[in-house]
Amino acid sequence: MHKNQVRLDALSLSRIVQEIAGCEVCSESASEPFAWLVEKAMGRVDTAQFVSSARVVCPVCSTPLTKATLVQSQDDVEENTKYFEPCWEETTIVLIDEPMLSAAEACFTGCEHCSDDAEITLDYVLDHVTGCDPTVTEYVLCRPAICRSCHRGVTEKTFVVVR
Ligand SMILES: [Zn+2]
Ligand SMILES: [Zn+2]
């Protein structure tokens, strides 16, 4: 055993874990054993000590990582995104069907055509009704919503008055 091996403490370990973008369970591009990542960061590490270290889990799916678990490091992700369009900003299209639309219609009492108090778009109401993440969701309405005050059509970008 080498005397000058680096001690792998919990702090260093947590820094290394932050570099992990996924493991073999949650990422198909996981290709490096976790031990490699540790070696890259720390130099040679006593693997026996590694096993006895604090429990390390994948930051993405919480699967416990062993030194042989294949992981994907952030470096790889950055390289990959140069070749593939980034998937971070992928938009989810959600179809608003009749029941959802009725639920959304029930949430607003007026629109920009009939009220000066219309301050938020129907989009916002739909986020609330569907529980979708507004940053990645676009809505497609099966028909325009109807304002109950003026009976005009309301699209997802129309400003409405919420009760
Ligand atoms: Zn994982
Ligand atoms: Zn209206």
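Among contacts in the chain between residues at least 6 apart in sequence, what percentage join residues at least 24 apart? Here are a few points to help you find your way around.

1. The answer to that opening question is 77%. Please keep in mind as you read on that this is a predicted model.

2. For a first overview, try finding the helices and strands: the chain has 6 helices and 10 strands. Its length is 163 residues, and 21% of them count as buried.

3. Next, have a look at one open sheet, which is built from 3 strands. Their order is β1-β3-β2, and the pairing is antiparallel. The edges of this sheet are taken by β1 (20-23) and β2 (32-33); each has a single partner strand, so one side of each is left without a neighbour in the sheet.

4. Now follow the pairing of β1 with strand β3 (residues 70-73). These two strands run in the antiparallel sense and are joined over 3 bridges. A handy place to see the pairing is Cys23, which stands opposite Val71 in β3.

5. Finally, pick out Leu13, which you will find in helix α1 (residues 10-18). Is Leu13 buried or exposed? Leu13 counts as buried because 20 other C-beta atoms lie within 10 Å, and a residue needs 20 or more to be called buried. Leu13 also gives you a nice example of two residues that are apart along the chain: Val56 is 43 residues away in sequence, yet the C-alpha atoms of Leu13 and Val56 are separated by 7.9 Å.

Notes
Residues numbered from 1 in each chain as written. Chains lettered and ligands numbered in written order. Predicted model: local features only at pLDDT ≥ 70, side-chain atom pairs only at ≥ 80, totals over all residues. Pairing = 2+ DSSP bridges. Helix = DSSP H or I, 4+ residues; strand = E, 2+ residues; numbered from the N terminus. Buried ≥ 20, exposed ≤ 12 C-beta atoms within 10 Å, placed from the backbone. Contact = placed C-beta atoms within 7 Å.
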